[in-house]
Amino acid sequence: MAAEIIDGKALAADLRGKVADHVARLKAEHDLVPGLAVVLVGEDPASQVYVRSKGKMTLEVGMASFEHRLGADTEEGELLSLIARLNTDPKVHGILVQLPLPDHINEELVINAIDPSKDVDGFHILNVGLLGTGQKSMVPCTPLGCLMMLRQYHGSLSGLDAVVIGRSNIVGKPMAQLLLGDSCTVTIAHSRTRDLPGIVRRADIVVAAVGRPEMVTGDWIKPGATVIDVGINRVDAPERGEGKTRLVGDCEFDSCAAVAGAITPVPGGVGPMTIACLLANTVTACCRAHGIDEPDGLTA
Ligand code: NDP
């Protein structure tokens, strides 16, 4: 039986609708406009596309967007000064520094300079610790989006076997924490894992965050399992014409979809949810900053 397609585009549109409603309420009832500052250092083409689309969607839901584009040769101190200004700017409720940063800038130092209450990416060490200890935190956007999709499809995740492939700080580890928080039995796999196909085959939920095109194939998947494909990989597509490319996930879609119970497509799965969760986190940060009750359904 073919898997149900988990439509990340539609779910993200729903979530953005909820965010827009809350933004309107914050304006009407509290005279507040949630503001998101995005900082881009350098001219990485992919980062420029992400920043543009984040800015556009921020405005679409009625929030304020502040874009700061700095040259590739920007000194670390200059970036830290900008963050210090944004930390104290009352119009800014969320700060996102687009990664990766140029090599001469210490990424960890920069991320940890962001006020944790404005850290809408959830990468500050304090938020990492709060998430790890099951306390209220800012939750990283990509894993949050994956969790929302899983809850939407399954309802309760309690007792399910989950395998997260990838142990990065931005996806794999926080994803595992969130699944544990929802009472899954969690295995984190990585490049040194032995018998990865055998481990994946036991899972009711597979989250692939590896960055290797179509690595996970249908024969790894337990019949009926849910597959969340985080990977975004650009590969050559000569069938579309000379020099053309296309995006694929970390899972081979057709073979996995033939066995799985549900699967996210690439594109149109995790990607749109990530940006919607960034907007949701900005509303959450704004409510927390002003002691306003947080709306349901915007965070973990
Ligand atoms: P990283 O490169 O930081 O981490 C990749 C992880 O995969 C590592 O833990 C690595 O293991 C593991 N890995 C690599 N090769 C293998 C292998 N052969 N078998 C098992 N595990 C392996 O990547 P990210 O976590 O940042 O991103 C992962 C993917 O998700 C990328 O394609 C990225 O583009 C995409 N992404 C998508 C987002 C979205 O919004 N949809 C957002 C963020 C990322 P080890 O630690 O041992 O090296």
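Visitor: Leaving aside its neighbours within four places in sequence, which residues is Asp204 in contact with?

Guide: In this predicted model, Asp204 is in contact with Leu160, Asp161, Lys222, Ala225 and Thr226. You can find Asp204 in the loop between helix 8 (196-200) and strand 7 (205-208).

Visitor: What makes the pairing of the Asp204 and Lys222 side chains a polar contact?

Guide: The two side chains come to 2.8 Å. A polar contact is a pair of N or O atoms within 3.5 Å, so the pair of Asp204 and Lys222 earns the name.

Visitor: Happy with that! Now, how many disulfides does a search of the whole structure find?

Guide: The search finds zero.

Visitor: Why is Cys141 not bonded to Cys277?

Guide: Their sulfurs are 6.3 Å apart, and Cys277 holds the closest cysteine sulfur to that of Cys141. A disulfide needs sulfur atoms within 2.5 Å, so this pair is too far for a bond. Likewise, the sulfur of Cys256 has its closest cysteine sulfur in Cys251, at 4.9 Å, which is also too far.

Visitor: Are Cys141 and Cys256 buried or exposed?

Guide: Buried means under 20% relative accessible area. Cys141 has 4%, so Cys141 is buried. Cys256, at 0%, counts as buried too.

Visitor: Why is Leu126 called partly exposed?

Guide: Its relative accessible area is 45%. Partly exposed covers what lies between the 20% limit for buried and the 50% limit for exposed, so the label fits Leu126. Leu126 lies in helix 5 (residues 125-132), and together with Ile125 and Val128 makes a nonpolar surface patch of about 280 Å².

Notes: Residues are numbered from 1 along each chain as its sequence is written. This is a predicted model: local features need pLDDT of at least 70, side-chain atom pairs count only at pLDDT 80 or more; totals for chains, interfaces and linings use all residues. Side-chain values use heavy atoms; hydrogens and water are left out. Patches are made of residues with over 30% relative accessible area and no salt bridge: like charges are joined within 9 Å, nonpolar side chains (Val, Leu, Ile, Met, Phe, Trp, Tyr) within 5 Å. Accessible areas come from the Shrake-Rupley method with a 1.4 Å probe; for residues, only the protein chains shown count as cover. A salt bridge is a side-chain nitrogen of Lys or Arg within 4 Å of a carboxyl oxygen of Asp or Glu. Helices (H or I, at least four residues) and strands (E, at least two) are DSSP runs, numbered from the N terminus. Buried means under 20% relative accessible area, exposed over 50%, partly exposed in between (1.4 Å probe, protein chains only). A polar contact is a pair of N or O atoms within 3.5 Å; within protein, one must be able to donate a hydrogen and the other to accept it, and residues adjacent in sequence count only if both atoms are side-chain atoms. Contact means heavy atoms within 4.5 Å.
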